[in-house]
Amino acid sequence: MLVEEFLVAVVSLPAGVFNPYSGVKTSILILDKSLAKKADTIAFFKVDNDGFDLGAQRRPIDKNDLPQARAEIGEYLRRLRAGESVADFQPALGLLVPKTKVAANGDHNLSGERYRENGVRASRFLIAKLGEAAEVISGQSPPGESYNDRGSGVPFYQGKTEFGRVSVGPPTKWTTDPQRFAEEGDILMSVRAPVGPVNLATQRVCVGRGLAAIRPVKSRLLTSYAFYVLRSLEKEITGDAGAAFASINRHDIEQILIPVPPLEIQKEIVAEIEGYQKVIDGARAVVDNYRPHIPVDPDWPTIPLADACEIQRGKFSHRPRNEPRFYSGKYPFIQTGDIVRAAGGKITYSQTLNEDGLSVSKLFQPPVVVITIAANIGDTAVLDFPACFPDSVVGLVPKEGTDARFLELVMRTKKRHLNDIAPQSAQKNINIAILKTVEIPLPPLPTQRAIVAEIEAEQALVAANHELIGRFEKKIQATLARVWGEDEPVLDE
């Protein structure tokens, strides 16, 4: 009934989009009875990136499919409302599927990938099934009583959560009754939610049901070449997405099609990619390891925080948050999650208050340092625009002689201290009385500004490394595209 009478479109979101609350795969169903009557198709859209990474912190990234998805969904709905044909509508992020196909065999599966035509891509090299050039070993979990964390037996890996960037991380679990093995250098593929990510085994290990081991035939396929090709196909390896958790079996893995050049050409491709990867690894090391540091001079005065700034709690109680009439206005409303994602950098927001909302809140004028006092205690950011925030956030309004950005940098170094002194409870939090007692170093204003300028220059270099990573990832994509005989993407100069 849903498919035949109500469903207009399905929007598939990436697993983890609702972290840290839930990593469960989620889709949006667009229902409209009048439009459904006008269409003999259902539109399926796939969003791979929503502007944030899929980890627990959900930090901002450059990739965001939502604007394009919104535009394509809007165009599809516009055509239906106007009674225009959708036969020539070809969304970049999706596909149109006849309702008869969705209803075929009584399946009514709402996974768009199920209906995608798996046309074989061309290549100037031989296209072969993976099973013809590699052995695929399905994982099998050992009996539960054989597990231990003492290092007894064989290291045991069971899913994507144990993956690193290229190779699996150090083992945390062992088994004395291993069932299926991956050897050192084998490719490990995640076969259950998510399907498709790959890593390399660093030693002989036991693999559980969430993994499969892929062992290339040495005379046909280089492991490193197969690894890079499979990693490039990750989004296309979807398995059976009809269940609550997608999965893929050994037979389906063996059917994956890959180009198989001569071994010498495989070596050349790998050498090129690994050259780019070294640049990426170096830039990523800078990004991962950089921490702003304030060289504190012992001659600087140390004062209570209350002497450096006015400490004011946000004013927006829990009850109005649930009243829609307060929202959608011109006043930015900064939530705790916005500050966590900013992590001391540029802050963004998605909620705004209207005049009614402002009547139960307070508008802070810039510059003001915002700091979280509940849940993620001690996350900070600087507001350069007028804004409101809830009572789970405190605003530090600098007094004369205090630079806002210097204050934010200092408070960032106090995050661990704030968590240590927070009263122990089911949900730790700190109050203004505690904040007032925190002592901070405060050099003369010119010194503060010089330190801020130096750190901002460092952060600009770190941002350049972010950009470098993106550019060289595109170069790797271009190399693999050539293997498939596709045109290289245009790279920014």
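**Which residues does Asp186 touch, not counting residues up to four places away in sequence?**

Let us work through this and some further exercises together. The model is predicted, so local features need pLDDT of at least 70 and side-chain atom pairs count only at pLDDT 80 or more, while totals for chains, interfaces and linings use all residues. Residues are numbered from 1 along each chain as its sequence is written, and side-chain values use heavy atoms, with hydrogens and water left out.

**Exercise 1. Describe the surroundings of Asp186.**

Step 1: Find the place. Asp186 sits in the loop between β12 (181–182) and β13 (187–191). Strands (E, at least two residues) and helices (H or I, at least four residues) are DSSP runs, numbered from the N terminus.

Step 2: List the partners. Asp186 touches Asn199, Leu200, Ala201, Ala213, Ile214 and Arg215. A contact means heavy atoms within 4.5 Å.

Step 3: Check the cover. Asp186 is buried, with a relative accessible area of 4%. Buried means under 20% relative accessible area, exposed means over 50%, and partly exposed is in between (1.4 Å probe, protein chains only).

Step 4: Look across the model. Asp186 and Ile377 are 191 residues apart along the chain, and their C-alpha atoms are separated by 42 Å.

**Exercise 2. Give an overview of the whole protein.**

Step 1: Count the elements. The protein has 16 helices and 25 strands.

Step 2: Give the extent. The C-alpha trace spans about 70 × 60 × 55 Å along its principal axes.

Step 3: Look at burial and contacts. Of the 493 residues, 42% count as buried. Among contacts between residues at least 6 apart in sequence, 71% join residues at least 24 apart.

Step 4: Add the surface. The accessible surface comes to about 25,700 Å², and 51% of it belongs to carbon and sulfur atoms. Such areas come from the Shrake-Rupley method with a 1.4 Å probe; for residues, only the protein chains shown count as cover.

**Exercise 3. Follow the salt bridges of Arg79.**

Step 1: Recall the idea. Side chains of opposite charge can pair when their charged atoms come close. A salt bridge is a side-chain nitrogen of Lys or Arg within 4 Å of a carboxyl oxygen of Asp or Glu. A search of the whole structure finds 20 salt bridges.

Step 2: Take one partner of Arg79. Arg79 pairs with Glu75, with the closest N and O atoms 2.9 Å apart. The two are four residues apart in helix α3 (residues 66–82), so about one helical turn separates them.

Step 3: Take another partner. Arg79 also meets Asp88 in a salt bridge at 2.7 Å, N to O.

Step 4: Compare the cover of these residues. Arg79 counts as buried at 14% relative accessibility, Glu75 counts as partly exposed at 25%, and Asp88 is exposed at 57%.

**Exercise 4. Explain what the pair Arg405 and Glu456 ties together.**

Step 1: Identify the bond. The side chains of Arg405 and Glu456 form a salt bridge (3.8 Å, N to O).

Step 2: Place both ends. Arg405 lies in helix α13 (residues 404–413) and Glu456 in helix α16 (residues 445–483), so the pair ties together parts that are 51 residues apart in sequence.

Step 3: Check the cover. Arg405 is partly exposed at 31% relative accessibility, and Glu456 is partly exposed at 38%.

Step 4: Return to Arg79 for a wider view. Salt bridges that share partners join Glu75, Arg78, Arg79, Glu84 and Asp88 into one network.

**Exercise 5. Find two backbone features that stand out.**

Step 1: Recall the background. Most residues other than glycine have a negative phi, and most peptide bonds are trans.

Step 2: Look at a peptide bond. The bond from Pro366 to Pro367 is cis, with omega near -5°. Pro367 lies in the loop between α12 (355–359) and β22 (368–372).

Step 3: Look at a phi angle. Ser328 is not a glycine, yet has a positive phi of about 65°. Ser328 belongs to strand β20 (residues 327–333) and is exposed, with a relative accessible area of 69%.

**Exercise 6. Locate Arg70.**

Step 1: Give the element. Arg70 is found in helix α3.

Step 2: State the cover. Arg70 is exposed, with a relative accessible area of 70%.

Step 3: Relate Arg70 to a distant position in sequence. Arg70 and Phe333 are 263 residues apart along the chain, with their C-alpha atoms separated by 23 Å.
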